[in-house]
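Me: Please walk me through this structure. I want to know what stands behind each term.

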Amino acid sequence: MSNDIIDIINNRATCRSYMEKEIPEEIMNQLLDAACKSPSSGGFQTYSIIKVTKKEKKEQLVKLCRNQKFIEKAPVSLIFCIDFRRVKRINEIEPAPCIETDTFMNFWMGLIDAAISAQTLCLAAEAFGLKTVYIGNIINMIDEAAKLLNIPEYVCPAVMVTIGYPTKTPTPPLRYDKSVLIHEEEYRDIDIDMLMKAYKEKDGKQKIKATDKLVERIYNTAKAYHGVEHAEKCKQYILDKGIISTYQYWFGCYYLEEEGFLSMQGYKEFMKRQGFKWLE
Ligand SMILES: Cc1cc2nc3c(=O)[nH]c(=O)nc-3n(C[C@H](O)[C@H](O)[C@H](O)COP(=O)(O)O)c2cc1C
């Protein structure tokens, strides 16, 4: 365990296996204090954090988040929400010219505020030997999540962070080197061969067998989005290699349009009902 910020950043890795061990209240309070000190657009802090520790609620979260069981084992899950409700309530007393939930820009800022605050908390957690995992799937069944957490108008879940003591220290995964991600002064594409080499080094080790069932799923997803020609191209590429890559699996087998995940239709409808009018 180290308090050096660079060590903390370098050693951070997502954890998906937790001890059933409580986080002492004074530590949890320090983490939440850290999250609330994050920078935010205009200093408005347009986010809220809902802390869930009750067993029954955690069980529900597992169900809402694609059955990711470790959520239940970990002592705490924190749902970071975009929150314009406080601004709205203050504006009811002290009228301001702009209706904050009407603009895409405000939504964008709220989302960034929520994300920064989540990451501040994740890094602070590492200083106490705690580990975290982001759960993007909290928005998969958004209506049910909102009901479970009693989320009112002008508030919208953005991401969840599950936190606890790891059963074993997770190893940081391979990541792109900064030569792939950083651009000097202006954006410049790196050579495609270099990009493919970097991609294969990072993600190429995961080889999923191209079973008929998975190939059919990928075919159907590709067809739904880009038509038969594209679906045939995907299928042929996979059959030639005999394996499915991480990207092909992720975008063709895991998140499926029949669950509404890719078009996010359910999320858009929810946002409109929550009063985020820019979507109309
Ligand atoms: C917005 C977001 C959503 C994520 N959702 C999930 C999730 O639902 N389940 C999960 O196990 N990991 C999730 N992750 C964790 C990523 O898979 C993980 O960060 C990534 O594989 C890189 O690994 P690292 O965090 O160890 O660097 C999410 C991460 C982010 C940033």
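Here are short questions and replies on the terms used.

Reply: This is a predicted model; local features need pLDDT of at least 70, side-chain atom pairs count only at pLDDT 80 or more, and totals for chains, interfaces and linings use all residues. Residues are numbered from 1 along each chain as its sequence is written.

Me: What makes A13 and Y134 residues around the ligand?
Reply: A residue is near a molecule if its C-beta atom, placed from the backbone, lies within 6 Å of it. A13 and Y134 are among the residues around the ligand, and so are R16, Q68 and P173.

Me: Which strand gives the most to that shell?
Reply: Strand 3 (residues 131-135), with three residues. A strand is a DSSP run of E, at least two residues; a helix is a run of H or I, at least four; both are numbered from the N terminus.

Me: How do you know that L31 in helix 2 meets helix 6?
Reply: Two residues are in contact if their C-beta atoms, placed from the backbone, lie within 7 Å. L31, A34 and A35 in helix 2 meet residues of helix 6, including S117 and L121.

Me: What is the angle between helix 2 and helix 6?
Reply: About 145°, with the axes 8 Å apart. Axes are lines fitted to C-alpha atoms over the stretch in contact, and angles run from 0 to 180 degrees between N-to-C directions.

Me: Where do the bounds of domain 1 and domain 2 come from?
Reply: From an automatic or database domain assignment. That gives domain 1 (5-171) and domain 2 (178-268). Their C-alpha centres lie 28 Å apart.
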